Amino acid sequence: MRTTGAGSSGASSTEWRSLIDPGLTAWRSFRGQAVPAGWRAENGVLYKDTVADDLISRDDFGDFELAFDWKLTPGGNSGVFYRATEEYDRVYWSGPEYQLLDDAGHADGRNPLTSAAAAYAIYAPPRGVVKPAGEWNSSRIVARGTHVEHWLNGRKVVDYNLGSDDWRARVAASKFHEYPDYGLAPRGHVGIQGDHTGALAIRDLRVRVLR
């Protein structure tokens, strides 16, 4: 199993656990039990070729490190949610989103706040770290207590504290202001967005619990 590189020291952790198997047994639909149509796993890679309902993990996580490689077709748009709950009608109304995007080919790439590796609409990454559509990117999400990090291709690109004054001000200025508990659950599900056109591939998707 590949190691995570810089930035993985600190709290002790459990062993890495893969979240991809042929039957996608780690996943289900939002507020459901079956894996939504349109998702499949082949040779260790999770695929979505068209619009599909979102996936969420059967398990929930508090402090964790999630690592994965991903690529999109030109113009592609997706995201990975974390600490998401099912209290609202949409997964993205509770769980912050690590944006997956073809920055060069999608309109959201023009705004740093909605570009690849952003904490969607809240915190922006630096420019020039994401690779072009069709190439594999490596990402990590590290959540310890209220502290969250987004990593992209070996660089820490977003670093923030949930519930801080800065976080609350940014949420209040965003489309998420309607959801007062947005991002504040101490534990929740991992989700993968499926409701955009275009193909998504994710490989080496794995998680470990931090203690």
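Colleague: Buried means under 20% relative accessible area, and exposed means over 50%. On that scale, is Leu24 buried or exposed?

Modeller: Buried, because its relative accessibility is 4%, under the 20% limit. Bear in mind that this is a predicted model.

Colleague: Where does Leu24 sit in the fold?

Modeller: Leu24 is in the loop between strand 1 (17-18) and strand 2 (27-29). Its backbone deserves a look as well: phi is positive, about 50°, although Leu24 is not a glycine.

Colleague: What about Arg83, what is its phi?

Modeller: About 50°, so positive, and Arg83 is not a glycine either. Arg83, however, is found in strand 7. At 5% relative accessibility it counts as buried, since that is under 20%.

Colleague: Moving on to empty space. How many cavities of 30 Å³ or more turn up?

Modeller: Two, from a search of the whole structure. The largest has a volume of about 60 Å³, and the second largest has about 30 Å³.

Colleague: Which residues line the largest one?

Modeller: The lining consists of Asp103, Ser115, Ala116, Pro125, Pro126, Arg127, Gly128, Val129, Val130 and Leu152. By class, six of these are nonpolar, two polar and two charged.

Colleague: You mention Asp103. How far is it from Val209?

Modeller: Their C-alpha atoms are separated by 31 Å, and the two residues are 106 apart along the chain. Val209 is found in strand 13 (residues 200-209). It counts as partly exposed because its relative accessibility is 30%, which falls between 20% and 50%.

Colleague: And the second largest cavity, what lines that?

Modeller: Trp70, Lys71, Leu72, Leu101, Asp102, Lys131, Pro132, Ala133, Glu135 and Asn137. The largest share, three residues, comes from strand 6 (residues 64-72). The lining has five nonpolar, one polar and four charged residues.

Colleague: Now the rings. How many aromatic pairs are there?

Modeller: The whole structure gives 10 aromatic pairs. One of them is Phe68 with Tyr98: the ring centres are 5.9 Å apart and the planes are at 75°, so the pair is edge-to-face, the cut-off for that being over 60 degrees.

Colleague: Which parts of the chain does that pair link?

Modeller: Distant ones. Phe68 is in strand 6 and Tyr98 is in strand 8 (residues 97-101), 30 residues apart. Phe68 is buried, with a relative accessible area of 1%, and Tyr98 is buried with 0%.

Colleague: What is the geometry of Tyr92 and Trp93?

Modeller: Their planes are at 85° and their ring centres 6.0 Å apart, so this pair is edge-to-face as well. Tyr92 lies in the loop between strand 7 (77-84) and strand 8. With a relative accessible area of 23%, it is partly exposed.

Colleague: Which pocket has Tyr92 in its lining?

Modeller: The second largest pocket, where it joins Ser29, Phe30, Ala52, Asp53, Asp54, Asp89, Arg90, Val91 and Asp195. The volume of that pocket is about 160 Å³. Its lining divides into four nonpolar, one polar and five charged residues.

Colleague: And how far is Tyr92 from Arg17?

Modeller: C-alpha to C-alpha, 24 Å in space, with their positions 75 residues apart in sequence.

Colleague: Back to aromatics. Which residues form the aromatic cluster that includes Tyr123?

Modeller: Tyr123, Tyr160, Trp167, Phe176 and Tyr182 form one cluster.

Colleague: Which ring does the charged end of Arg140 sit over?

Modeller: The ring of Trp151, at 4.4 Å from its centre. Arg206 offers another case: its charged end sits over the ring of Trp16, 5.0 Å from the centre.

Colleague: Last one, Gln99. Where is it, and is it buried or exposed?

Modeller: Gln99 is in strand 8, and it counts as buried because its relative accessibility is 1%.

Colleague: Which backbone oxygen lies 2.8 Å from a polar atom of its side chain?

Modeller: That of Thr114. The distance is within the 3.5 Å limit for a polar contact.

Key:
Residues are numbered from 1 along each chain as its sequence is written. This is a predicted model: local features need pLDDT of at least 70, side-chain atom pairs count only at pLDDT 80 or more; totals for chains, interfaces and linings use all residues. Side-chain values use heavy atoms; hydrogens and water are left out. On a 1 Å grid over the protein atoms alone, a cavity is a set of points where a 1.4 Å probe fits but cannot get out, and a pocket is an open set with protein on both sides within 12 Å along at least five of seven lines; lining residues have an atom within 4 Å of a point. Grid points are joined across faces, edges and corners, and a volume is the space filled by probe spheres set on the points. Ala, Val, Leu, Ile, Met, Phe, Trp, Tyr, Cys and Pro count as nonpolar, Asp, Glu, Lys and Arg as charged, and the others, Gly among them, as polar. Helices (H or I, at least four residues) and strands (E, at least two) are DSSP runs, numbered from the N terminus. Rings of Phe, Tyr and Trp (its six-membered ring) pair if their centres lie within 6.5 Å; planes under 30 degrees apart count as stacked, over 60 as edge-to-face and the rest as tilted. Buried means under 20% relative accessible area, exposed over 50%, partly exposed in between (1.4 Å probe, protein chains only). A charge sits over a ring if NZ of Lys or CZ of Arg is within 6 Å of the ring centre and within 35 degrees of the ring normal. A polar contact is a pair of N or O atoms within 3.5 Å; within protein, one must be able to donate a hydrogen and the other to accept it, and residues adjacent in sequence count only if both atoms are side-chain atoms.
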